[in-house]
Amino acid sequence: MNDESIMDFQRQRVLEITAKMGIRSTFGHLIRLQNAKEFLQAVEEEQHSTVNVHIFENTMPACQRLIQCLEELAKKMPTVKFCNILSINATVSLKFRNAATLCIW
């Protein structure tokens with residue numbers, strides 16, 4: 001390969017990468033997931049976006065504060081998919097719910 005063919009290859013790769021980056025979805029709000037099926041879909045359907053899922057409890061004040069923070073972050077970072085789901089709707093185990101509650105404060 002000569003220098004010109006290497007440069008052509010580099011230009012082509014830059015165009016391909018730029019095109020893929022342009023496919024990123026935009027969200028701009030906190031998405032409330034209702035069940036485990038929506039939880040899996042929210043994560044699995046995104047190929048080019050970061051997904052953040054907050055599994056929360058209504059009875060935890062720290063969870064309510066975090067939800068407010070995530071709503072603001074979602075507005076400022078529209079290419080990140082911010083979601084939340086009530087722990088019982090995510091069908092996580094009681095052991096996970098109790099351990100997660102202990103980690104909050």
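**Exercise 1. Find the elements that make up the β-α-β unit of this predicted model, and give its handedness.**

Solution. Begin with the three elements concerned, which are strand 2, helix 3 and strand 3, and note that together they make a right-handed β-α-β unit. Next, look at how the two strands of the unit relate to each other: strand 2, covering residues 50-56, pairs with strand 3 in the parallel sense, and this pairing runs over seven bridges. As a concrete point to locate in the structure, take Val53, whose bridge partner in strand 3 is Cys83.

**Exercise 2. Work out the order of the strands in the sheet, and explain why one side of strand 1 and of strand 2 is left without a neighbour.**

Solution. The sheet is open and consists of three strands in the order 1-3-2, with parallel pairing. Strand 1 (31-33) and strand 2 stand at the edges and have a single partner strand each, so each of them has one side without a neighbour in the sheet. On average, and with direction ignored, neighbouring strands of this sheet are turned by 30° against each other. To complete the picture, consider the pairing of strand 1 with strand 3, which is also parallel and extends over three bridges; here Leu33 stands opposite Ile85 in strand 3.

**Exercise 3. Describe how helix 2 and helix 3 are placed against the strands.**

Solution. Take helix 2 (residues 36-44) as the starting point: this helix lies across strand 1, strand 2 and strand 3, and it runs at about 155° to strand 2. Then turn to helix 3, which packs on the sheet and touches strand 2 and strand 3, while its direction makes about 160° with that of strand 2.

**Exercise 4. Identify the largest nonpolar core, and state which element gives the most to it.**

Solution. The largest nonpolar core has 10 residues, among them Leu30, Phe56, Met60, Ile67, Val80 and Phe82. Two elements, helix 3 (61-76) and strand 3 (80-86), give two or more residues to this core, and helix 3 gives the most, with four residues. Apart from this core lies another one, of six residues, including Leu33, Ala42, Ile85 and Ala90.

**Exercise 5. Trace the salt bridges of the whole structure, and decide which residues are joined into one network.**

Solution. A search of the whole structure finds three salt bridges. In one of them the side chains of Glu45 and Lys81 meet, with a distance of 2.9 Å from N to O. Because Glu45 lies in the loop between helix 2 and strand 2 while Lys81 lies in strand 3, this pair ties together parts that are 36 residues apart in sequence.

Lys81 also forms a salt bridge with Glu46, where the closest N and O atoms are 3.4 Å apart. This pair, too, links distant parts of the chain, since Glu46 is in the loop between helix 2 and strand 2, 35 residues from Lys81 in strand 3. Lys81 has a relative accessible area of 4% and is therefore buried, and Glu46, at 15%, is buried as well, because buried means under 20% relative accessible area.

Another salt bridge is formed by Glu72 and Lys75, with the closest N and O atoms 3.4 Å apart. Both of these residues lie in helix 3, three residues apart, which is about one turn of the helix. Glu72 is partly exposed, with a relative accessible area of 40%, whereas Lys75 counts as exposed at 55% relative accessibility. As a last step, look for shared partners: salt bridges that share partners join Glu45, Glu46 and Lys81 into one network.

Note on methods:
Residues numbered from 1 in each chain as written. Predicted model: local features only at pLDDT ≥ 70, side-chain atom pairs only at ≥ 80, totals over all residues. Heavy atoms only, no water. Core = buried A, V, L, I, M, F, W, Y, C linked by side-chain atoms within 4.5 Å. Buried < 20%, exposed > 50% of the residue type's maximum accessible area, 1.4 Å probe, protein only. Pairing = 2+ DSSP bridges. Right-handed = clockwise from strand over helix to strand, strands pointing away. Axes fitted to C-alpha atoms, helices over the stretch in contact; angles between N-to-C directions. Contact = heavy atoms within 4.5 Å. Salt bridge = Lys/Arg side-chain N within 4 Å of Asp/Glu carboxyl O.
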